[in-house]
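Visitor: Could you walk me through this protein with a few questions and answers?

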Amino acid sequence: MIWGIFKRDMCHATRNVIAVIVSMGLVVVPALYAWFNIAASWNPYGNTKALKVAVANNDKGYKSDLIPVRVNVGETIISTLHANDQLDWQFVKSDKAIDGVKSGEYYAAIVIPKGFSADMMTLFSPGIKHAQLKYYLNEKINPIAPHITDQGATTVVNTIDKTFAKTIAQVGLDLASSILHYSQSPQMAEYMRNLNGNLTTMADTLSGASQQVTSYSQLLGSANDIVDSTGKLLASATKAGKQAQNALKQGKSGAASFTSAGANVTSSVNTALDQVSGAFDQVAAKVNKAFDAIGKDSDTAASQLTTLSEQVSSSESLYDTYITSLNHMHESVEQLPDSDSAKQALLEAIDREITLLEAAKGDSQKLAQQLKDASTQVTQDTAAAERSRKEILNRITSAKQSISNVRDDYATNVKPKIDALASTVSTLISQTDSMITQLSGTADGLDDVTGDVGTNVTSIRSTLGAIAKKLDSSAATVKELITKLETGGNAGDGNSDGGDGDNDADSGESDELRALATANASTLSTLISAPVALHRVSVYPIANYGSAMAPFYTILSIWVGAIILCAMLKVTISDREKAHVLGLGDTLPRIAGPSGPGNASRWGLRLDHEYFGRYAIFALLALLQGTLVCLGDTYFLGVQANHALQFLAVGWLAALVFSNIVYTLTVSFGDIGKAVAVVLLVMQVAGSGGTFPIETLPKFFQMLYPFLPFPHAIDAMHAAMAGSYGNEYLLDMVYLALFLIPSLLLGLVLRKPVIRLNNWVSRNLESTKVM
């Protein structure tokens, strides 16, 4: 019976040219629907360079004392965009840019304000102000263009942030390098030698003046005729004191420079230790990310762990540099006199620093080995990998604690001794200056006394004795300052064998600074500006956007084709056709009753025969539709299909399932069934996840998602195009085929109770003479 119905349907469909043309159109139209949409979306994001975005630069630039170079970030942005072809950048004035966005000439506009560079440089002031770009966007022109231009604007902002961070880091590292080089320069060494020479001369002058005052005091008792000579001598002594005072001012300036340099070096050491500690935080984050990938992509996780192991191992050189610097400092301190009370304390502080650094280095070495071991375990034993994760995170915590111990010990033991030395030098210079001032006042007073020497010889001799004592005291103070400078070291000389003596604490800090300055400043600044580099690894890569959208439009076109079939072909069989199939002539006997489904069952033409007999031509045309659209996708448009036969099989199964669903709805409910098929189409377009991820859709669609045929057909087609994970392809094909069960159940069983209702609805619609 089924075969008889199908043969007659095929004869009717090919009876004349018009019927053949219509049949061919039913097969071709769905394919055209898919092909036009796929071709239109083939590479939309690859042609964004045609989107016009205006850029206006009003930045006036900025120049400060900190960075004595004029900075104009706006000009840097313009230079960068000239080399960027992501969008069609239009460089115009701000007024034209804004007006162009309003008129639709430009999709968007970026305006760089006048104080952009100045706002960025407030980073170095107490009142930090965020630099802002003005971004104008015309959202009514196109729904997608704003998102593309937003991405371009985001790229500009990210480029600015990265460039600014790199520039600031470069300046900081260059400044640290300059401090180190200047501290080791011949000019600094010469300056300290001049200071020592001036202080020695001043001490000798004070001692000589004291001896001369004492001699003249003794001579005053026996001869009054030497009063004039005594006055001249006092004048000479006063002049020498002023010369010594000028020299002392130079010493005070040098001491201030010495203190400032020590503070800068201390800041550099703290910054370096903070960067090392921060690096361990980044390693911990990457470790967690790598272990989270276990089970999904163990090979990638192993590769990431191996890379982390190499990065941690490479940092050991920094520990070796610091330890070497401390050993040099230790050798310099041992050359100090044993009588110096600060010597033993400095040696103990240096030993503690070396011990802590060696412990930190050991933790890094163990961490690198554990990362290397874990990279081989992640592909072998998941439980062992999880234990390795905990051990590695514990080791990272231990390494960070070691760095913290180094920093705390430095702040507690080393830095206070440096500060104490600087304070001692400053105090000594102040005391010496006070002594010379008193000497000047005393000498001025003595000049008045010698005017009446004949009557006040006793008073003069007493005053001269006081002068001699103060001169001796001043000379002793200056000599003490010289001794401390010689034993403390030359702040500008970084070499322990330079002949001028080293300040051991500052030498250690200079060595730490040298470790930073000798590194590649450009590489370090780039790392600071962008500490994380994104390495994109494509999993199941898709060739282009058109291929990515092909499953959605292909499956959609197959459903549209099923609706077109039910709209153009009759789903019910007339009594005349039933009579011919049964061999009863042109009409059924009157006993068959009113025309309708199942009225010929007493002659053997059951309801299921009618259902499958008429569905056969629907299934044939649907298979032709699916075949044409899939072959056209693959060989006409060039859609990626790593497994072409599987891709075609999805089209065939989708054609059978969709045509059966739409056919059943139409057979069971007539025109209402066609409307339901259209409603299902609209729901699946929105809720299939073919365009936007299902997680981004409203809750209603997320709940409905598993019960729609589109998602399973699209997923199966994706698996055929790019590759399948496990049994993903087969499972999606099974899920798609399962939709035939409720469809057949409705068409063969549940349809019977609603036949009369459907006939009643049809009669009422026809009675309107419109529907």
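What follows is a short conversation between a visitor and a guide.

Guide: A word before we begin: this is a predicted model, in which local features need pLDDT of at least 70, side-chain atom pairs count only at pLDDT 80 or more, and totals for chains, interfaces and linings use all residues. Residues are numbered from 1 along each chain as its sequence is written, and side-chain values use heavy atoms, with hydrogens and water left out.

Visitor: How many helices does the protein have?

Guide: Helices (H or I, at least four residues) and strands (E, at least two) are DSSP runs, numbered from the N terminus. By that rule the protein has four strands, and its helices number 25.

Visitor: What percentage of the residues count as buried?

Guide: Buried means under 20% relative accessible area, exposed over 50%, and partly exposed in between, with a 1.4 Å probe and protein chains only. The protein has 771 residues, and the buried share of them is 44%.

Visitor: Which stretches does UniProt annotate as "transmembrane region", and how much helix is there over residues 733-750?

Guide: The annotation comes from an unreviewed UniProt entry and covers residues 17-36, 550-569, 615-638, 644-663, 675-694 and 733-750. Its positions are given in the numbering used here, feature names are shortened, and annotations may be inferred rather than shown by experiment. Over residues 615-638 the model is 96% helix and 0% strand, with end C-alpha atoms 33 Å apart. Over residues 733-750 the end C-alpha atoms are 26 Å apart, strand is 0% and helix is 89%.

Visitor: Which helix gives the largest share of the nonpolar patch on the surface?

Guide: Patches are made of residues with over 30% relative accessible area and no salt bridge; like charges are joined within 9 Å, and nonpolar side chains (Val, Leu, Ile, Met, Phe, Trp, Tyr) within 5 Å. Here Val-17, Ile-18, Ile-21, Val-22 and Met-568 form such a patch, with about 490 Å² of accessible area together (Shrake-Rupley method, 1.4 Å probe; for residues, only the protein chains shown count as cover). Four of the patch residues, the largest share, come from one helix, spanning residues 17-40: helix α2.

Visitor: Is Ile-21 buried or exposed?

Guide: Ile-21 has its place in helix α2. Its relative accessible area is 51%, so Ile-21 is exposed.

Visitor: Which residue forms a salt bridge with Glu-577?

Guide: Side chains of opposite charge can pair when their charged atoms come close. A salt bridge is a side-chain nitrogen of Lys or Arg within 4 Å of a carboxyl oxygen of Asp or Glu, and by this rule the count comes to six. For Glu-577, the N to O distance is 2.7 Å, and the partner is Arg-8.

Visitor: How many residues apart in sequence are the parts that this pair ties together?

Guide: Glu-577 is buried at 12% relative accessible area, whereas Arg-8 is partly exposed at 24%. Glu-577 lies in helix α17 (residues 575-582) and Arg-8 in helix α1 (residues 2-13), so the pair ties together parts whose separation in residues is 569.

Visitor: Which helix holds both Asp-671 and Lys-674?

Guide: The side chains of Asp-671 and Lys-674 meet in a salt bridge, 3.5 Å from N to O. They are three residues apart, about one turn of the helix, and both lie in residues 671-687, helix α20.

Visitor: Which residue has its backbone oxygen 3.1 Å from a polar atom of the side chain of His-712?

Guide: His-712 is found in helix α22 (residues 709-722) and is buried, with a relative accessible area of 13%. Leaving out residues up to four places away in sequence, His-712 touches Pro-706, Asp-732, Tyr-735, Leu-736 and Phe-739; contact means heavy atoms within 4.5 Å. The backbone oxygen at 3.1 Å from the polar side-chain atom belongs to Pro-706.

Visitor: What separates the C-alpha atoms of Val-283 and Ser-309, in Å?

Guide: Val-283 has its place in helix α8 (residues 227-292) and is buried at 9% relative accessible area. Apart from neighbours within four places in sequence, Val-283 is in contact with Leu-308, Val-312 and Ile-396. Val-283 and Ser-309 are 26 residues apart along the chain, and their C-alpha atoms are separated by 9.5 Å.

Definitions and conventions
A polar contact is a pair of N or O atoms within 3.5 Å; within protein, one must be able to donate a hydrogen and the other to accept it, and residues adjacent in sequence count only if both atoms are side-chain atoms.
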